[in-house]
Amino acid sequence: MDRRVLKTRKAIIEAFVGLLEEQDFEQITINDIADRANVNRGTIYLHYADKFDLLDQCIETYLQQLLDACMIESSTTTPVTAKDALLRTFRYLEQHDSTYTTLLTKKGIPAFRSKLMTLLVQGVEEQMDACGIQEGMKKEVTIQFLASAAVGLLEWWIMNSMPYPAEEIVDQLIDLLELHLNLHAPISG
């Protein structure tokens, strides 16, 4: 993709998230976004069908960035554990807290939390497939429980201004999750 197109899209998405920090999604207009991004209204429509499409693509962009940040290139000598991936994720969230706080806490955009939950469900399922499940536990119930717990903790941590460092919150989360999974097993990535 052309650099100018990427730069324009980045400006539009950043302007949009900046507006979301200040007001509800329903109140934001295409004109507001164009003014903040310093582009013409028509430019936005060249890239996005409407503000709902912009929201969807914004969510996809930031989830992909989060996913990319948590994945670690594995080497043959050092396998990647779930703890490693979680620590990278929480550190990334610390560095980009205002964007993710906005996306997680705005009542008008529950789609971000929902898509984050879907990603975590997939990750927990992959980990369970690699490590197995405790005897007597239902796989789908365990997956939903662990993913919901992780999203809930992440949401609490962000909404409460990250009261603990990433390392400490990840250690606590790992201790809780290890009651159900062997998280020291390597993950694919």
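**Pocket, core and contacts in a predicted model**

Author: In this predicted model, α1 contributes the most to the lining of the second largest pocket, giving five residues.

Reader: What makes a residue such as R9 part of the lining of that pocket?

Author: A lining residue has an atom within 4 Å of a pocket point, and R9 is one of the 14 residues that line the second largest pocket, being listed with K10, I13, T61 and Q65 as the closest to its centre. The elements that give two or more residues to this lining are α1 and α4, and the volume of the pocket is about 260 Å³.

Reader: How do you know how the lining divides into nonpolar, polar and charged residues?

Author: Each residue is assigned by its type, so that Arg and Lys count as charged and Ile as nonpolar; on this basis the lining comprises six nonpolar, five polar and three charged residues.

Reader: Why is I33 said to be in contact with L54?

Author: Contact means heavy atoms within 4.5 Å, and, with neighbours within four places in sequence set aside, I33 meets I12, A15, F16, L19, I28, I44 and L54 in this way. I33 is also among the residues that touch the most other members of the largest nonpolar core, together with F16, F90 and F112.

Reader: What makes that set of 54 residues a nonpolar core?

Author: Its members are buried residues of nonpolar types, joined through side-chain atoms within 4.5 Å, and buried means under 20% relative accessible area. Among the elements that give two or more residues to this core are α1 (3–22), α2 (30–37) and α4 (51–70), while across the protein buried residues make up 39% of the 189 residues.

Definitions and conventions. Residues are numbered from 1 along each chain as its sequence is written. This is a predicted model: local features need pLDDT of at least 70, side-chain atom pairs count only at pLDDT 80 or more; totals for chains, interfaces and linings use all residues. Side-chain values use heavy atoms; hydrogens and water are left out. Buried means under 20% relative accessible area, exposed over 50%, partly exposed in between (1.4 Å probe, protein chains only). Helices (H or I, at least four residues) and strands (E, at least two) are DSSP runs, numbered from the N terminus. On a 1 Å grid over the protein atoms alone, a cavity is a set of points where a 1.4 Å probe fits but cannot get out, and a pocket is an open set with protein on both sides within 12 Å along at least five of seven lines; lining residues have an atom within 4 Å of a point. Grid points are joined across faces, edges and corners, and a volume is the space filled by probe spheres set on the points.
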